[in-house]
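Grab a pencil and open the viewer. Below are some exercises, each with a solution worked out step by step.

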Amino acid sequence: MKEKTLAILKPDCVQKNYIGKVISHLLKAGFNIIGMKMLKLNKETAGEFYAVHKDKPFYSNLVEFMTENRVVVLALEKENAVEYLRKVIGATDPAEAEPETIRKLYAESKERNIIHASDSLDNAKIELGFFFSNRELIENR
Ligand code: CMP
């Protein structure tokens, strides 16, 4: 079944000029882009997006990092999109990521790891709703 999921090209991706390379990687992997926008997150928005991590020791650094430059948010559609996107981006820590994954190719550390992807279908729905209204998503049916 076709699923929708959310990816965020993080501030390090924008700063290093990897937007094109990462989008190209996602398209080659078979994802259809059904929504895309560039944003500069503020602390409140980044903090709310990552609220599940608010008790973690890395939370304040994560919020700081996510607000240091623009981000690109992508709504993606594909068969089995949630699980497949996680596979294509690789492990949180690029040192542990499989070869040819986006984080292995482009990320420098688990703090600055180029891309975020929703980790479950439920979270994908929540995260897509965080950045996109239904009217902003292109339906390819
Ligand atoms: P992401 O998939 O965006 O979800 C939460 C983010 O927290 C994660 O990617 C990492 O970039 C970031 N993070 C920072 N430090 C850590 C850490 N020690 N363990 C896990 N995630 C971390």
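**Exercise 1. How many aromatic pairs does the structure hold?**

Before you start, know that this is a predicted model: local features need pLDDT of at least 70 and side-chain atom pairs count only at pLDDT 80 or more, while totals for chains, interfaces and linings use all residues. Residues are numbered from 1 along each chain as its sequence is written, and side-chain values use heavy atoms, with hydrogens and water left out.

Step 1. Get the rule straight: rings of Phe, Tyr and Trp (its six-membered ring) pair if their centres lie within 6.5 Å, and planes under 30 degrees apart count as stacked, over 60 as edge-to-face and the rest as tilted. The count comes to six aromatic pairs.

Step 2. Take one of them, Phe49 with Phe130: the centres are 5.4 Å apart with 70 degrees between the planes, which makes the pair edge-to-face.

Step 3. Now place the two rings. Phe49 belongs to helix α3 (residues 43-49) and Phe130 to helix α7 (residues 121-131), so this pair ties together parts 81 residues apart in sequence. Helices here are DSSP runs (H or I, at least four residues), as are strands (E, at least two), and both are numbered from the N terminus.

Step 4. Check accessibility, where buried means under 20% relative accessible area, exposed over 50% and partly exposed in between (1.4 Å probe, protein chains only). Phe49 is buried at 11%, and Phe130 is partly exposed at 27%.

Step 5. Follow Phe130 onward: with Phe131 it forms another edge-to-face pair, 4.9 Å centre to centre and 70 degrees between the planes. Phe131 is buried, at 8% relative accessibility. Put together, ring pairs link Phe49, Tyr50, Phe130 and Phe131 into a cluster.

**Exercise 2. Which residues of helix α4 are buried, and what do they pack against?**

Step 1. Run along α4 (residues 59-66) and you'll find Tyr59, Leu62, Val63, Phe65 and Met66 buried.

Step 2. Look down the axis: these residues span an arc of only 160 degrees, so they sit on the same side of α4. The arc is that of the directions from the helix axis to the C-beta atoms.

Step 3. Find the partners, with contact meaning heavy atoms within 4.5 Å. The buried residues of α4 pack against β1 (2-9), α1 (11-15), α3 and β3 (71-79).

Step 4. Try the same on α2 (residues 19-28), where Val22, Ile23, His25 and Leu26 are buried. Their arc is only 155 degrees, so they share the same side of α2.

**Exercise 3. Which residues are closest to the centre of the largest pocket?**

Step 1. Pin down the term: on a 1 Å grid over the protein atoms alone, a pocket is an open set of points where a 1.4 Å probe fits, with protein on both sides within 12 Å along at least five of seven lines, and lining residues have an atom within 4 Å of a point.

Step 2. Its volume is about 710 Å³, taken as the space filled by probe spheres set on grid points joined across faces, edges and corners.

Step 3. Of the 25 lining residues, Tyr50, His53, Phe58, Leu62 and His116 are closest to the centre.

Step 4. Sort the lining by element: α3, α4, β4 (115-117) and α7 each give at least two residues, and α7 has the largest share, with four.

**Exercise 4. Is Lys10 buried or exposed, and what does it contact?**

Step 1. Lys10 sits in the loop between β1 and α1 and is buried, at 5% relative accessibility.

Step 2. Leaving aside neighbours within four places in sequence, Lys10 contacts residues including Tyr50, Phe65, Met66 and His116.

Step 3. Lys10 and His116 are 106 residues apart along the chain, yet their C-alpha atoms are separated by 7.1 Å.

**Exercise 5. Where does Asn80 lie, and what is its phi?**

Step 1. Start with the background: most residues other than glycine have a negative phi.

Step 2. Asn80, in the loop between β3 and α5 (81-89), has a positive phi of about 55 degrees. Asn80 is partly exposed, at 36%.

Step 3. Glu100 also has a positive phi, near 70 degrees. Glu100 lies in the loop between α5 and α6 (102-106) and is exposed, at 58%.
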